[in-house]
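Trainee: I have a structure open on my screen and would like to talk it through with you. Could we go step by step, from the whole chain down to single residues?

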Amino acid sequence: MGSVNVPELVVIDFSKEGLKPGSSSWSSACKDIRQALENHGCFIALYDKISSQLHKSIFQAADQLFALPTELKVQNINEKPYHGYVGQLPIVPLHEGLGIDYATTLEGAQSFTNLMWPNGNDSFCETAMSFAKTVAEVEKMAVRMVFESYGVEKYAESHVEATTYLLRFLKYRAPEEGESNNAFPTHTDKSFFTLLHQNHISGLEVRARNGEWINVVFPPSSFVVMAGDACQAWSNNRVLSAKHKVTLDKSTKESRYTMAQFSFLSKTKMIAVPEELVDDQHPLQFNPFVHIDLLYFYETDQGRKSQNILKDFCGTPV
Ligand SMILES: O=C(O)CCC(=O)C(=O)O
Ligand SMILES: [Fe+2]
């Protein structure tokens, strides 16, 4: 109930009437999500509030943004690693991205908009914020479901309250003749969750726990909800923060656009394994940490080279 396998990832319909805590569809979604996150590190969420109109407007906004001169786009600077402008990098020549920090807040959306359009651009600001808020609704439901699936729903509210959102506009231009079609290298996300929404050009591949690479197919009005390293740590290593990458079809002539919304816990709340998830069979694997410190660690030489970032950053002695 509540989920079907198309073709390999679990699909959960978040728009379903009556999907509320306490209902049977909620409990079965909790179970399905937990299994999906443990096996694949992600699942597909259908959400019809991402209407075809909102889909169209957010990618029009993306087009407008990427069309700005590079000198303007590079002003999207953020002291937090991987939050600001990325582009013109020889190791990822197809890729360009910009980020709106605190994207669900008017201040966040406005300050980014004013930086890019000093004379204002109300429609961009409204579209970005309304998209970010809609994505955040799905993220919050996913958090509540995951916490409930592990029997620790009492901690969900304070987690949700401490969550902030980074909305990134990502572009991968079509490869030129003879150029590699690797658009983004293999990595894991440092977020708690990442929600991805793409235009009509596919390319995301996810490595499941069994080592199999899955080509992700996005149905209309859908997101991929992907667990990041912070979620894996929180779950005491039960959830998989899946490796993933973007590879474009060699013959594609169009750019892939992705809207990626990353959730982070603010400094006021540590990422910590709930005591209920620690027992003799599951000894504590990770010490509590401040989320943003994981990103700072990833920026160091040791962090970048690490084959097991959570163990190296916050692993308990074995
Ligand atoms: O474009 C995508 O589908 C994936 C983007 C991604 O993995 C990231 O930005 O971390
Ligand atoms: Fe990613």
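Trainee: What radius of gyration does the chain have, set against a compact globule with 318 residues?

Mentor: Keep in mind that this is a predicted model. A compact globule with 318 residues would come out near 20 Å, and the chain agrees with that. Along its principal axes the C-alpha trace spans about 55 × 50 × 40 Å. The radius of gyration of the chain is 19 Å.

Trainee: Thanks! What percentage of the residues of the chain count as buried?

Mentor: The chain contains 10 helices and 12 strands. A residue counts as buried if 20 or more other C-beta atoms lie within 10 Å of its own. Of the 318 residues, the share that passes is 41%.

Trainee: How many of the residues of strand β5 are buried?

Mentor: Strand β5 covers residues 163–172 and is largely enclosed by the rest of the structure. That follows because, of its 10 residues, the number buried is nine.

Trainee: Which residue of β5 is the bridge partner of Ile100?

Mentor: Begin with the pairing: β4 and β5 run antiparallel and are joined by seven bridges. One facing pair is Gly97 and Leu170 in β5. For Ile100, the bridge partner in β5 is Leu167.

Trainee: And which residues of β4 point the other way from His95, Gly97, Gly99 and Asp101?

Mentor: β4 is mostly covered, with seven of its seven residues buried. His95, Gly97, Gly99 and Asp101 point one way, and the residues on both sides are buried. Pointing the other way are Glu96, Leu98 and Ile100.

Trainee: Which residue in β12 stands opposite Thr163?

Mentor: β5 also pairs with β12, in the antiparallel sense, over 10 bridges. In that pairing, the residue opposite Thr163 is Leu265.

Trainee: Which feature does UniProt place at residues 163–267?

Mentor: In the model, this span is 6% helix and 47% strand. Its end C-alpha atoms lie 10 Å apart. The UniProt record, an unreviewed entry, gives the feature there as "domain: Fe2OG dioxygenase".

Trainee: Let's turn to the open sheet of four strands. Which are its edge strands?

Mentor: The order in this sheet is β6-β11-β8-β9, with antiparallel pairing. An edge strand pairs on one side only, and that holds for β6 (182–187) and β9.

Trainee: By what angle are neighbouring strands of this sheet turned against each other on average?

Mentor: Strands of a sheet pair through backbone hydrogen bonds, either parallel or antiparallel. In this sheet the pairing is antiparallel. With direction ignored, the average turn between neighbouring strands is 20°.

Trainee: Which residue in β11 stands opposite Val206?

Mentor: Strand β8, residues 204–207, pairs with β11 in the antiparallel sense over three bridges. Opposite Val206 you will find His244.

Trainee: Which elements give two or more residues to the shell around ligand 1?

Mentor: Ligand 1 is surrounded by Leu170, Phe184, Asp189, Leu196, Gln198, Leu204, His244, Val246, Thr258 and Ala260. The elements giving two or more of these are β7 (193–198), β11 (244–247) and β12 (256–265).

Trainee: How many residues of that shell are nonpolar?

Mentor: The shell around ligand 1 also has three polar residues and one charged residue. The nonpolar ones number six.

Trainee: Is Tyr82 buried or partly exposed?

Mentor: Tyr82 sits in the loop between α3 (70–73) and β4 (95–101). Its phi is positive, about 60°, although it is not a glycine. Because Tyr82 has 17 other C-beta atoms within 10 Å, it is partly exposed.

Trainee: What is the phi of Ser221?

Mentor: Ser221 lies in the loop between β9 (213–215) and β10 (222–227). It counts as partly exposed, with 19 C-beta neighbours inside 10 Å. In this residue other than glycine, phi has a positive value near 55°.

Trainee: One last thing: how far apart in space are Lys49 and Val135, C-alpha to C-alpha?

Mentor: Lys49 belongs to the loop between β3 (42–46) and α2 (52–66). With 14 C-beta neighbours inside 10 Å, Lys49 counts as partly exposed. Lys49 and Val135 are 86 residues apart in sequence, and in space their C-alpha distance is 9.1 Å.

Notes
Residues numbered from 1 in each chain as written. Chains lettered and ligands numbered in written order. Predicted model: local features only at pLDDT ≥ 70, side-chain atom pairs only at ≥ 80, totals over all residues. Near = placed C-beta within 6 Å. Nonpolar A, V, L, I, M, F, W, Y, C, P; charged D, E, K, R; others polar. Buried ≥ 20, exposed ≤ 12 C-beta atoms within 10 Å, placed from the backbone. UniProt positions renumbered as here; feature names shortened; annotations may be inferred. Pairing = 2+ DSSP bridges. Axes fitted to C-alpha atoms, helices over the stretch in contact; angles between N-to-C directions. Rg over C-alpha atoms; globule rule 2.2 N^0.38 Å.
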